[in-house]
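Reader: I should like to go through this complex with you, chain by chain. Could you take my questions as they come?

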Amino acid sequence: MELIINLLINGLATGMLIFLLAAGLTLIFGLMDVLNFAHGGLFAWGAFSGVWFYGLTNSFTVAIIGAILTGIVLGFITEKLIITPVYGNHIQQILITLGFMIVLSEMLKVVFGPNQLAAKTPPLLSGSWEIGDVIIIKYRLFIIIVGLIVFGVFQFILKRTKIGLIVRAGVMNKEMVQALGINIKQVFLYVFMAGAALAALGGALMAPYSGVVYAEMGMEFAILAFIVVVIGGMGSFPGSLLAAILVGLAGSFMAYYVPALSLAVNMMLMAIVLIFRPQGLFTAKG
Amino acid sequence: MKTKFQVNNGILIVIVAALAVFPFVSDSRTWTILLTQIFIFSILAMSYDILLGYTGIVSFGHAMFFGMGAYATAIMLNRIEPTLGVFFLSIAVGMVIAGILSFLIGLLTLRLKSHFFAMLTMAVSGLFLVLAEKWRTLTQGNDGFTFRAPEFFKDRMMFYLLVLACLVLVYFFLRRFVNSPLGRVLIAVRENEQRTKSLGFQTLHYKVIASVIAGVVASLAGSLYAISLRFVNTSVLTMEITLDALLMTIIGGVGTLIGPIIGAGVIELAQHYLSGLAKDYPIFERWIIFFGIIYILAVIFFPKGIVGTIRYAYWKRKNNDLKVDVPAPKRKELIK
Amino acid sequence: MSILLKVDNIHTHIGQYHILQGVSFEAKEGEVSVLLGRNGAGKTTTLKTIMGLTPATSGTVTFLNEGITKNATHHIASNGIGYVPEDQGIFGALTVEENLKVAMRKEDDAARERQEYVLELFPDLKKYWKKEGGHLSGGQKQMLSMARAFINDSKLLLIDEPSKGLAPVVIEKVMEAIVEMKKQTTIILVEQNFIMASRIGDTYTLIDDGETVQSGQMSELVQNEELKRQYLGIG
């Protein structure tokens with residue numbers, strides 16, 4: 001029983017981190033029709049800058065805020081420099097965002113050095129609780145809570161605010177949103193920056209969880225996020241949460257019971273979804 | 001639109017002849033090795049051009065087929081015996097496996113939109129990389145293993161000539177292929193898949209054929225690559241290989257075949273010199289950043305690549321007064 | 001009456017195709033101008049070009065004495081042109097209320113007053129206030145789309161084939177609404193249904209093969225059997 005609860009918590013925590021990455025990816029895709037292959041780079045930058053700010057100030061709050069700001073700034077740069085010039089051309093988009101992914105991860109090595117960095121868990125969140133036989137690691141619970149809060153906040157924005165309505169309307173019909181007098185390019189930029197901020201937050205939370213940060217982590221997690229976005233349905237925000245939890249749990253249980261299959265399971269999930277339900281389990285449009 | 005500018009066969013023969021006699025007149029080992037490397041990556045980049053340039057498919061999993069060839073050759077030479085016969089057999093085995101694999105993957109994934117396809121190929125090839133890392137009894141994972149090449153290749157020159165011959169053969173084969181009626185359909189798919197479909201072509205079939213040919217040729221490049229190093233590890237399956245092919249194709253010029261060869265030359269030479277510079281200037285250890293930036297700029301400002309841009313300039317000069325304006329057909333004209 | 005919108009010899013390319021090859025007409029304030037022509041003649045593209053969705057490659061569009069040919073769509077819309085596309089452009093997963101809310105640029109008293117007005121005009125919308133746009137009937141979607149375009153004090157409404165696919169009873173309702181809206185705004189209407197067009201149109205512009213063939217008063221066209229037979233296939 002305790003094993004199952006531990007695997008559950010592990011899976012949920014990983015799922016939440018993937019969700020933070022996938023949420024931006026899915027919103028950006030749904031609204032702008034852009035699949036951002038550089039998204040994992042923003043995640044890795046969040047992780048590194050989080051570690052850096054933490055080392056500098058010794059405050060985890062500052063580290064998180066610093067990482068989010070880094071994400072927002074990088075998101076702004078990416079949208080203006082990389083996405084806008086090739087807007088509407090799918091092949092160029094795919095090629096250029098992948099290229100930017102490489103630049104982002106190499107720049108990490110230039111700025112922070114080529115080696116991996118150790119990441120500490122803040123004292124308040126380290127350690128664990130014992131409830132009967134079950135040991136709950138505090139930091140993992142923290143990640144789950146943060147993930148749920150982020151989901152709640154974004155869900156509220158999407159459902160209840162004007163900008164959220166505009167974003168949802170834009171996912172359904174971009175032309176019509178413009179014809180109603182809304183500058184959709186401005187909305188694109190905001191959504192892109194918000195997505196980048198979420199990715200960076202995910203990275204910053206990931207750092208103490210895995211204990212180290214390294215440049216390649218962006219790509220590794222991006223692949224999981226792609227799988228999640230496909231399973232959850234491109235452009236569906238709740239879909240990405242459910243799919244991320246599914247992928248996180250599948251990974252955690254498989255890693256324990258059938259370690260050799262842990263990655264293959266997610267791949268198989270994605271392949272099955274793509275072949276039989278290419279629009280994903282949830283759809284955002286119409 | 002058909003361009004009048006075609007690479008002149010005469011010039012090609014002269015260049016190939018010059019390259020063929022090169023190792024006899026120069027005894028620079030470095031250059032022989034470097035040129036061999038360029039030829040091998042030219043083959044890989046050309047195979048990528050069939051996908052990206054001629055069919056308009058972006059695959060992020062091309063390394064998978066390259067790695068398949070490399071492992072087929074390395075494992076067979078290591079396990080059976082290092083002879084020429086086994087070498088050729090291993091090339092064939094690699095090609096067959098790559099062909100079957102690309103056929104299956106293509107059949108399952110090529111009906112998807114470009115985004116999904118790129119993503120899926122990336123994930124599948126990631127899966128193969130993990131598989132190779134885990135299946136240590138066969139591959140020895142990231143550590144890799146060395147093996148003995150056939151006696152015949154002890155002389156680097158022989159290998160050089162073999163690779164050059166492969167390059168020339170592959171080039172003519174692919175050129176023949178893209179100019180065939182089948183290749184024309186592929187170009188139509190690239191230009192407008194929907195319309196090609198409505199003309200009655202099963203575009204999926206054509207895309208699968210393109211992906212099989214690209215996979216098989218990439219496997220050949222992988223086999224040659226393994227021999228050139230006499231060593232193989234999981235790096236042959238990594239994203240870096242796909243990126244190299246991508247970069248060479250884009251810089252050289254997509255959809256030109258000769259472009260990727262030039263691209264391979266440019267990239268390999270630049271890589272050679274830039275990593276040489278790293279001894280004095282540490283920033284060049286991160287030379288891949290420069291490639292990344294050049295690549296991004298190329299995608300935005302220079303999407304035709306070196307050869308494409310030259311061809312376009314040539315074509316434009318010849319058709320200076322040609323007005324490029326296609327009026328929608330008028331009913332009155334149709335009635336006439 | 002003053003000229004509100006003037007379209008002067010516009011040419012529009014979509015991809016490599018030259019779709020509009022010289023369309024010109026004027027819309028006078030307070031009138032309903034109807035664009036007529038066969039399928040594929042370029043009527044919808046003309047509206048999209050005015051809206052900036054498929055910008056003209058040459059020629060000019062002037063609105064309120066100001067050139068708007070190269071303006072971005074959202075500028076054109078906020079300058080006071082409302083658009084009701086052929087497919088109505090309803091946001092299917094948003095409710096009627098939310099569809100109107102997205103459209104409302106300023107939520108002031110004037111806007112609320114206009115909202116009251118459109119809800120009186122289309123009582124169905126009030127009835128299905130919380131219903132998702134995708135679940136409305138064709139006629140209700142048409143009304144919602146018109147209400148959405150009207151809610152922002154639009155000086156000009158572009159309405160693309162409002163009668164398409166609707167039952168005759170519903171067409172009658174939509175027509176009544178257009179006549180009612182005409183009291184407050186100017187309308188450019190694309191309409192295949194000549195009976196409807198001739199009843200509510202003040203002026204007409206005939207478009208064929210992407211070119212203006214003729215413009216004039218609707219009453220003249222009703223008399224001109226030759227023109228109707230040649231370009232509209234009726235009469």
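**The side of chain B that touches chain A**

Author: In this predicted model, 28 residues of chain B are in contact with 30 residues of chain A, where contact means that C-beta atoms, placed from the backbone, lie within 7 Å. Residues are numbered from 1 along each chain as its sequence is written, and chains are lettered from A and ligands numbered from 1 in the order in which they are written. Local features need pLDDT of at least 70 and side-chain atom pairs count only at pLDDT 80 or more, whereas totals for chains, interfaces and linings use all residues.

Reader: Which elements give two or more residues to that side of chain B?

Author: They are helix H5 (114-134), helix H11 (239-252) and helix H13 (287-301) of chain B. Helices (H or I, at least four residues) and strands (E, at least two) are DSSP runs, numbered from the N terminus. The largest share, 12 residues, comes from H5(B).

Reader: How many residues of that side are nonpolar, and how many polar or charged?

Author: There are 21 nonpolar, five polar and two charged residues. Ala, Val, Leu, Ile, Met, Phe, Trp, Tyr, Cys and Pro count as nonpolar, Asp, Glu, Lys and Arg as charged, and the others, Gly among them, as polar.

Reader: Turning to the fold, how many helices and strands has chain B?

Author: Chain B has 15 helices and three strands. Its radius of gyration, taken over C-alpha atoms, is 21 Å, close to the 20 Å that the globule rule (2.2 Å times the number of residues to the power 0.38) gives for 336 residues, so chain B is as compact as a globular protein of that length.

Reader: What share of chain B is buried?

Author: Buried residues make up 46% of the 336 residues. A residue is buried if 20 or more other C-beta atoms lie within 10 Å of its own, with C-beta atoms placed from the backbone.

Reader: Which residues of H7(B) are buried, and what covers them?

Author: Among the buried residues of H7(B) are Phe159(B), Tyr160(B), Val163(B) and Cys166(B). What covers the buried residues of H7(B) includes helix H1 (9-25), helix H2 (29-55), helix H8 (181-191) and helix H10 (203-229) of chain B.

Reader: And the confidence: what are the ipTM and pTM?

Author: The predictor gives the complex an ipTM of 0.89 and a pTM of 0.85. Chain C averages a pLDDT (the predictor's confidence in each residue, from 0 to 100) of 90, and 99% of its residues score at least 70.

How values were computed:
Two residues are in contact if their C-beta atoms, placed from the backbone, lie within 7 Å. A residue is buried if 20 or more other C-beta atoms lie within 10 Å of its own, exposed if 12 or fewer, and partly exposed in between; C-beta atoms are placed from the backbone.
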